[in-house]
Amino acid sequence: MFKKDIPPSNRSKVKSSVQRGLRQKLIESHPLCEPYIEEILPKKAQLDAVKLPDRVTLYTIDSNPLFYQPLDGPPIPHLKLLHKFPNILPTIQIDRGAIRFVLSGATLMAPGLTSPGGRLPDAENALEKGTVVGVKAEGKEEVCMVGTLKASTEEVKSKGKGVVIDDGHYLGDGLWNMQLD
């Protein structure tokens, strides 16, 4: 999704009423962020909206990226926010062999999650199609990608093949490298 460097097309201040709505939408979309919402989106902080190509808006406070929102989707935490608050999204793990592909912008495929080194939640904690997840890499601490599941984790386990995330935000992409100051 953000493979190239992204020039911001314009930046605007977000009204407090809109900020309250975004705050609520963030909690509804990602309930795990509720305990941290005051730190993520302080009520008195000035939230800015940066319009990006492909009808995506990036929300920032003091030039620090918080989350981006496609026109027709939920707000998705920026990787820099996930590094600060790693428990605000459920996570899955790719094996070592998938790391270089993910970091070059390739589609995340099921074998990178179902082979040794990959990790998906057990059936009791299965994640549904459409869930926004953080992707960790085997042997690494921080999340290297964030995206929306194209199949449930149980479906990924049973089929063992196919697309899992096709347009995520990953370390080193245009959104990661974007200069906001």
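**Exercise 1. Find where Gly112 sits in this predicted model, and work out whether Gly112 is buried or exposed.**

Solution.
- Step 1: Look for the element. Gly112 is part of helix α5, which covers residues 111-114.
- Step 2: Check the accessibility. The relative accessible area of Gly112 is 10%. Buried means under 20%, so Gly112 counts as buried.
- Step 3: Look at who touches it. Skip the neighbours within four places in sequence, and Gly112 is in contact with Gln93, Ile94, Asp95, Ala98 and Gly118.
- Step 4: Try a residue elsewhere in the chain. Pro31 is 81 residues from Gly112 along the chain, and their C-alpha atoms are 27 Å apart.

**Exercise 2. Work out in which order the four strands of the open sheet come, and which strands are at the edges.**

Solution.
- Step 1: Read across the sheet. The order is β6-β8-β9-β11, and the pairing is mixed.
- Step 2: Pick out the edges. An edge strand pairs on one side only, and that fits β6 (91-94) and β11 (169-170).
- Step 3: Zoom in on one pairing. β6 runs parallel to β8 (residues 132-137), and four bridges join the two strands.
- Step 4: Find a facing pair. Ile92 sits opposite Val135, a residue of β8.

**Exercise 3. Describe how domain 1 and domain 2 meet.**

Solution.
- Step 1: Set the bounds. The domain assignment gives 11-84 for domain 1 and 91-170 for domain 2. Each domain puts nine residues into the contact.
- Step 2: Get the spacing. Their C-alpha centres are 24 Å apart.
- Step 3: Look at the buried area. About 730 Å² is buried between the two domains, and carbon and sulfur atoms give 72% of that.
- Step 4: Count the polar links. There are zero salt bridges between the domains, but two residue pairs are in polar contact across the interface.
- Step 5: See which elements of domain 1 take part. β5 (76-77) and α3 (79-84) each give two or more residues to the side that touches domain 2. The largest share, three residues, comes from α3.

**Exercise 4. The structure holds four salt bridges. Take Glu38 with Arg23, Asp166 with Lys150 and Glu155 with Lys159, and say what parts each one joins.**

Solution.
- Step 1: Start with Glu38 and Arg23. Their side chains meet at 2.2 Å, N to O. Glu38 belongs to helix α2 (residues 37-40) and Arg23 to helix α1 (residues 16-29), so this bridge ties together parts 15 residues apart in sequence. Glu38 is partly exposed at 43% relative accessibility, while Arg23 is buried at 12%.
- Step 2: Go on to Asp166 and Lys150, whose side chains meet at 3.6 Å, N to O. Here two loops are linked: Asp166 is in the one between β10 (163-165) and β11, and Lys150 is in the one between β9 (143-148) and α6 (153-159), 16 residues apart. Asp166 is partly exposed at 39%, and Lys150 is partly exposed at 36%.
- Step 3: Finish with Glu155 and Lys159, where the closest N and O atoms are 3.1 Å apart. Both residues lie in helix α6, four residues apart, which is about one turn of the helix. Glu155 has a relative accessible area of 31% and is partly exposed. Exposed means over 50%, so Lys159, with 52%, counts as exposed.

Definitions and conventions
Residues numbered from 1 in each chain as written. Predicted model: local features only at pLDDT ≥ 70, side-chain atom pairs only at ≥ 80, totals over all residues. Heavy atoms only, no water. Buried < 20%, exposed > 50% of the residue type's maximum accessible area, 1.4 Å probe, protein only. Contact = heavy atoms within 4.5 Å. Pairing = 2+ DSSP bridges. Domains from an automatic or database assignment. Buried area = accessible area lost by both parts, 1.4 Å probe. Polar contact = N/O pair within 3.5 Å; in protein donor to acceptor, adjacent residues only side chain to side chain.
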